[in-house]
Amino acid sequence: MEPLAPAPLTTPEQQSRRPHGLGTLLYVPVLYGVGWLTARPLQWLAPGLRPDQIDLAGLVVALLLLLFSLPWRLRRSWGATHPWRRLGVVATPLMAVRAFLGGLAKAALLLALVAAVLLTSGQAAWQLDLKAGELLNALALLLGVGFAEELLFRGWLWGELSLQLSRRRALLLQAALFALVHPWYRAGNLGAIGMLGGLILLGLALALQRRSDGGVLWGAIGLHGGLVGGWFVLQTGLLQLAPEAPAWLVGPGGEVPNPIGGLIGWLGLGALLAWGSLTERREPG
């Protein structure tokens, strides 16, 4: 019986399979468009729903379409016989759990760095007012955002680009696209630059995490989801940020800052990238 292990991003047999660039460009926007259109009738069927709730319903539909269509696309365009293994989702339980916990531990270290700098610099104080509902929200963010975005960017997109470009270009381009689709521009002026740079660093760190895990996606899910869910816990139930905390340090966003775009986040992600570059395990092939 064939061992249940993740497949590398590309294999020698699959190097000749190159997805059409137009298909790569249109695949996700078409799914998003279908999801958006499908959710529009809710504004008449359930008039009490807010616009953001209707948009969220559209995103859920688009995610379901992605889950159902990905195996077909990978078989057709990549020549993959085991699509979910190829994406790094299916692996042995030991490999998946080890990768997930490793990514989660790195997220905890980065958040501990942020909290330590804010506390020691007087820009935050402990408040320890964490509610059960906030923990559930954090768990939903950890699993929902972590899985959905990593499946899309470090799973499908990086694999798709790796069949069309060199390893280095695919690595850099997936991080750039990951950053650009986020609303970094809302931070304004220097904050927008900080957010864009931080998102690019995060995209690179998440890709190196998957590569260091031998192609398993769960480490990147743990790292990404851990940062999103963990920061939600910190800012809603554990830390009280000072109103005058400088955006260049804590990150842009005003009352709800994002540390990815601040100096602490940049330094933490830079250290993570440096460590990953030194210790990553090159995948075979």
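Where is the place of L49? In this predicted model, L49 sits in the loop between α2 (42-45) and α3 (51-78). Its relative accessible area is 34%. L49 is therefore partly exposed, as this value falls between the 20% limit for buried and the 50% limit for exposed. Leaving out residues up to four places away in sequence, L49 touches L42 and I54.

Helix α6 covers residues 132-162 and has 31 residues. From first C-alpha to last, α6 reaches 42 Å. This is close to the 45 Å expected at 1.5 Å a residue. The helix is bent by about 35 degrees, and the bend falls at E150. Ahead of α6 comes a loop that starts after β1 (124-126). L128 is found in this loop. Its phi is positive, at about 45 degrees, although L128 is not a glycine. Most residues other than glycine have a negative phi. L128 counts as exposed because its relative accessibility, 63%, is over 50%.

A second positive phi outside glycine occurs at N189. Here the value is near 50 degrees. N189 belongs to helix α8, which spans residues 189-212. The relative accessible area of N189 is 73%, so this residue is exposed. The helix as a whole is mostly covered, with 18 of its 24 residues buried. Its first and last C-alpha atoms lie 35 Å apart. The expected span, at 1.5 Å a residue, is 34 Å, and the two values are close. Just after α8, G214 takes a positive phi of about 70 degrees.

Helix α8 packs with helix α9, which runs over residues 218-238. The angle between them is about 145 degrees. Their axes are 7 Å apart. The crossing of α8 past α9 is right-handed. On the α8 side, the residues that meet α9 are L202, A205, L206 and Q209. On the α9 side, they are G219, A220, L223, H224 and L227. By class, the residues of this contact divide into 6 nonpolar and 3 polar, with no charged residue.

H224, one of the α9 residues in this contact, was examined further. Is H224 buried or exposed? H224 counts as buried because its relative accessibility is 4%, and buried means under 20%. Which residues does H224 touch, not counting residues up to four places away in sequence? They are V145, G146, E149, E150, R154, F178 and L206. Two of these have already appeared. L206 is part of the α8 side of the packing with α9. E150 is the residue at which α6 bends. H224 thus touches both L206 and E150.

F232 also lies in helix α9. Leaving aside its neighbours within four places in sequence, F232 is in contact with E134, N137, A138 and L141. These partners have numbers that fall within the 132-162 range of α6. F232 was also compared with G261 by position. The two residues are 29 residues apart along the chain. Their C-alpha atoms are separated by 16 Å.

Note on methods
Residues numbered from 1 in each chain as written. Predicted model: local features only at pLDDT ≥ 70, side-chain atom pairs only at ≥ 80, totals over all residues. Heavy atoms only, no water. Axes fitted to C-alpha atoms, helices over the stretch in contact; angles between N-to-C directions. Helix = DSSP H or I, 4+ residues; strand = E, 2+ residues; numbered from the N terminus. Left-handed = near helix turned anticlockwise from the far one by under 90°. Contact = heavy atoms within 4.5 Å. Nonpolar A, V, L, I, M, F, W, Y, C, P; charged D, E, K, R; others polar. Buried < 20%, exposed > 50% of the residue type's maximum accessible area, 1.4 Å probe, protein only. Expected span 1.5 Å × (residues − 1). Bend = angle between axes of the 7 residues up to and from the residue.
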